[in-house]
Amino acid sequence: MEFGVFDHLDRGALPLKDFYEARLKLIEAYDRAGFYAYHVAEHHSTPLGMAPSPSVFLAAVAQRTRRLRFGPLVYALPLHHPLRLIEEICMLDQISGGRLEIGFGRGSSPAEIALYGQNPADAQRIYAEALDLILQGLSQRTLNFQGEFFSFDNVPIELEPLQKPHPPVWYGVHSVGSAERAARRGLNVVSLDTAHDTRSFAGRYREVWRETRGETRGMPKIGISRFIVAADSDQEALSIARRAYPIWRRSFYHLYRLRGGAPAHERPPDFDGLTEAGQGIAGTPETVAAFLQSQLTESEATYLVGQFAFGDLSLSESLRSVELFTRRVMPTLMAKYEG
């Protein structure tokens with residue numbers, strides 16, 4: 001069992017300069033606490049994501065941390081030129097000493113893709129083609145590729161990643177089919193869905209992994225992500241979470257209010273509904289540990305990813321939550337998992 005962090009980098013009340021500095025201080029705390037990796041989302045034209053260029057933000061993360069691995073979850077490939085992304089990935093992996101983890105996807109918001117002048121109907125095909133192209137470019141010195149959307153003829157690749165043949169690759173799963181595709185490629189996965197749904201994803205992932213490799217050794221991480229607020233009392237934690245979550249949710253629905261439509265994966269209107277859905281918890285370390293243990297058991301996930309900063313949570317509130325989590329929740333979960 002390992003622990004990671006997921007972050008939308010959604011905007012709170014702080015001026016942006018102060019917002020970025022506060023988040024980097026929190027990430028320094030993740031580094032000290034021994035989390036495996038920090039995963040940041042990519043969003044555009046919405047307060048849901050203040051890291052529309054994940055590479056720029058992660059370059060700062062690389063300089064402010066020493067052990068923590070990090071990466072995008074995910075680069076929205078329809079919004080990136082593959083050659084530029086190959087170069088950015090190589091730079092990040094080198095300047096971080098080989099701590100980069102790379103996630104790729106088609107983009108979760110059709111509105112964001114359309115705002116970039118792309119056709120959302122093409123997003124899945126662009127993702128599939130660009131992924132092949134990027135992985136090829138990360139392991140070869142000359143790029144030759146002919147596809148539906150991209151073509152390269154003997155393009156020299158001067159950069160290379162430190163990790164060979166490339167950094168570990170991640171994918172966000174929302175269906176049995178996506179879990180199956182990820183298993184065939186040997187990708188690490190994270191689910192934001194319910195434990196029940198994640199269990200079906202994880203089960204199919206393991207089946208395909210065994211079918212294609214004939215063994216279970218070396219299986220990538222199967223992650224589940226949850227909103228987490230820990231405090232000295234259940235009442236204090238719930239008060240904080242109930243205040244902060246609606247602000248995050250308002251950002252989550254921002255573009256849909258402006259442009260119409262609805263997200264593929266709805267989110268409850270309040271934090272109590274999120275807890276009832278099994279997607280978040282607020283309470284004492286004991287309350288948090290019991291909830292997460294239940295989630296891990298039901299989902300059969302092997303990697304727990306916490307979202308400790310969202311809405312208008314202050315730096316001090318998030319730091320206290322992380323302190324309690326690492327000191328009193330992590331050891332409890334590790335002991336039960338190993339047992």
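**Strand β1 and the nonpolar cores**

Val-5 stands opposite Gly-306 in strand β12, strands being DSSP runs of E of at least two residues and helices runs of H or I of at least four, both numbered from the N terminus. The model is predicted, so local features need pLDDT of at least 70 and side-chain atom pairs count only at pLDDT 80 or more, while totals for chains, interfaces and linings use all residues. Residues are numbered from 1 along each chain as its sequence is written, and side-chain values use heavy atoms, with hydrogens and water left out.

Strand β1 (residues 2-7) is largely enclosed by the rest of the structure, because 5 of its 6 residues are buried (under 20% relative accessible area, against over 50% for exposed and in between for partly exposed; 1.4 Å probe, protein chains only). β1 pairs with β12 (residues 303-307) in the parallel sense over 4 bridges; pairing requires at least two DSSP bridges between two strands. β1 is also joined by 4 bridges to the parallel strand β2 (residues 37-40), where Tyr-38 stands opposite Val-5.

The largest nonpolar core (buried Ala, Val, Leu, Ile, Met, Phe, Trp, Tyr and Cys residues joined through side-chain atoms within 4.5 Å) has 79 residues, of which Tyr-30, Phe-35, Tyr-38, Phe-104, Leu-292 and Phe-325 touch the most other members. Helix α5 (residues 123-139) gives the most to this core, with 8 residues. Apart from it lies another core of 17 residues, including Tyr-245, Trp-248, Tyr-253 and Phe-310. Beyond its neighbours within four places in sequence, Phe-325 is in contact with residues including Phe-3, Phe-35 and Leu-292, contact meaning heavy atoms within 4.5 Å.
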